[in-house]
Amino acid sequence: MSSRDAILIVNAGSSSVKFQVFGIGTAGEPVRLIKGQVDGIGTRPRLRASDSDGAVLIDRMSTVADIPDVPAALHAAGDWLRQQHGINPVAVGHRVVHGGPEYDKAVLIDADVIARLEKYVPLAPLHQPNNLAPIRTIGERFPGLAQVACFDTAFHRAHDALADHFALPEHLHDEGVRRYGFHGLSYEFIASRLPAVAPDIATGRVIVAHLGSGASMCALSNGRSIESTMGFTALDGLPMGTRPGHLDPGVILYLIGQQGMSVAGVQEMLYHDCGLKGLSGISNDVRELEASTDPRAQFALEYFAYRISLCAGMLCAALGGLDAFVFTAGIGENSAGVRARTVARLKWLGVELDSAANASHALRISRPESRCPVYVIPTDEELMIARHTMTLIADRDVSDPALARS
């Protein structure tokens, strides 16, 4: 690769496109060069990016006419990267939420892969369509450019059959109705970091709580996922920003049968109007809830911590004990309040919080005498995607001009 050849990482949503650019370090490890996003797509498009030191490289507003949709946002970001920084992507790595039963690792994308991933749009309606849109756009514009799909479900695909099954007729499992688990790229990154930041527990029994707008928990044993709170879709498990988490399926039957709601109406409610937003009636943003004096906001936060503690008990049972607890992702890394509420409910595990360490967002936030240590480890899904992408293109002839054009 030349000095400006790079790996482009894309994570697209319905109204935003996040992107990162990685170069290749001397040891073959991806090195972050640029981090940016285009948000406000369709309303007030704004392209922002910074370098590896956090220095602002661009902060530019555009009109809706210039950036009306995700493909236009990709074009705008790509043009800026090429023209202003000479970035020459040799491959593009994508986060794809649902890989179904077929994919237990990252794959090079072709037409067959896209067709297979289309089948899982109903299982991840908030994410899958937006994940696939940039793949198509880039493929149409640069057909020779290698693209790699990295799946949030892949890290969990080695689960034991007991963890993988629902108590449903077996033919449904054979058709793909099973417990997949999500946020796998985040958990895989944390597992890769443990040997460096906490070597004494890296091969032990660890619960990782990925707490963000989407939230889940994972049981790691010797760095492998053996159980997760999410299942068939990203609705299951913990309550989230706007999703309910664990729910008696009878509630769905009631809403359709007795309340007369349509399937589309129920889906809209479950993905957009539940969770912290539904409980509080105020917001899905933990920062706003923590700043509020409304009792409903405090109830939502306490409920969140309560459900985390209940799921911790479940995952402890799966692990047969616990050697460490890790917080990660936006809320887990930044909300000392949520961490304190949660740890207060985990005293039965021998956890003792160091309040000063928690307030300063230290790596280890438990007291030295705590029987179970508690850590705060920032996740980096984009770096994980870059690693997988590099591995898959390592044997390709990236000097081929068709692969080097962008």
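Author: A polar contact here is a pair of N or O atoms within 3.5 Å. Keep in mind that this is a predicted model.

Reader: Okay, so which backbone oxygen does the side chain of S360 reach?

Author: S360 sits in the loop between α14 (355-359) and β13 (374-376). Its side chain makes a polar contact at 3.1 Å, inside the 3.5 Å cut-off. The partner is the backbone oxygen of A357.

Reader: And how far apart in space are S360 and A336, C-alpha to C-alpha?

Author: Along the chain, 24 residues separate S360 and A336. In space, going C-alpha to C-alpha, the distance is 8.2 Å.

Reader: Let's move to the annotated spots. Which residue does the UniProt annotation "active site" cover, and where is that residue placed?

Author: The annotation comes from an unreviewed UniProt entry, and the residue it covers is D152. As for its place, D152 is in the loop between β8 (146-151) and α4 (161-164).

Reader: Is D152 buried or exposed?

Author: The cut-off for buried is under 20% relative accessible area. D152 has a relative accessibility of 1%, so D152 counts as buried.

Reader: What surrounds D152, and which side chain is joined to that of D152 by a polar contact?

Author: Leaving out residues up to four places away in sequence, D152 touches a set of residues including V96, V97, F182, H183 and E381. R95 is also on that list. A polar contact of 2.7 Å joins the side chain of D152 to that of R95.

Reader: Then tell me about R95: what annotation covers R95, and is R95 buried or exposed?

Author: R95 is part of strand β6 (residues 88-96), and its contacts beyond four places in sequence include V10, N131, C150 and I385. The unreviewed UniProt entry gives R95 the annotation "binding site". With a relative accessibility of 15%, and the cut-off being under 20%, R95 counts as buried.

Reader: Which side chain is joined to that of R179 by a polar contact?

Author: R179 lies in the loop between α5 (170-174) and α6 (184-197), and R179 is buried, with a relative accessible area of 13%. One partner is a backbone atom: the R179 side chain reaches the oxygen of A163 at 2.9 Å. The side-chain partner, at 2.6 Å, is E227.

Reader: Zooming out, how far apart do the C-alpha centres of domain 1 and domain 2 lie?

Author: The domain assignment splits off domain 1 (6-151) and domain 2 (199-381). Six residues of domain 1 are in contact with eight residues of domain 2. The C-alpha centres of the two domains are separated by 28 Å.

Reader: What area is buried between domain 1 and domain 2, and which domain 1 residues lose the most?

Author: The buried area is about 670 Å², with carbon and sulfur atoms giving 57% of it. On the domain 1 side, three residues together account for 61% of what that side buries. They are L123, P125 and L126.

Reader: How many salt bridges and polar pairs does the rule find across the interface of domain 1 and domain 2?

Author: For salt bridges across the interface of domain 1 and domain 2, the rule finds one. For residue pairs in polar contact across that interface, both at pLDDT 80 or more, the count is two.

Reader: With which residue does R32 form a salt bridge?

Author: The cut-off for a salt bridge is a nitrogen-to-oxygen distance within 4 Å. For R32, the closest N and O atoms are 2.6 Å apart, and the partner is D380.

Conventions:
Residues numbered from 1 in each chain as written. Predicted model: local features only at pLDDT ≥ 70, side-chain atom pairs only at ≥ 80, totals over all residues. Heavy atoms only, no water. UniProt positions renumbered as here; feature names shortened; annotations may be inferred. Helix = DSSP H or I, 4+ residues; strand = E, 2+ residues; numbered from the N terminus. Buried < 20%, exposed > 50% of the residue type's maximum accessible area, 1.4 Å probe, protein only. Contact = heavy atoms within 4.5 Å. Polar contact = N/O pair within 3.5 Å; in protein donor to acceptor, adjacent residues only side chain to side chain. Domains from an automatic or database assignment. Buried area = accessible area lost by both parts, 1.4 Å probe. Salt bridge = Lys/Arg side-chain N within 4 Å of Asp/Glu carboxyl O.
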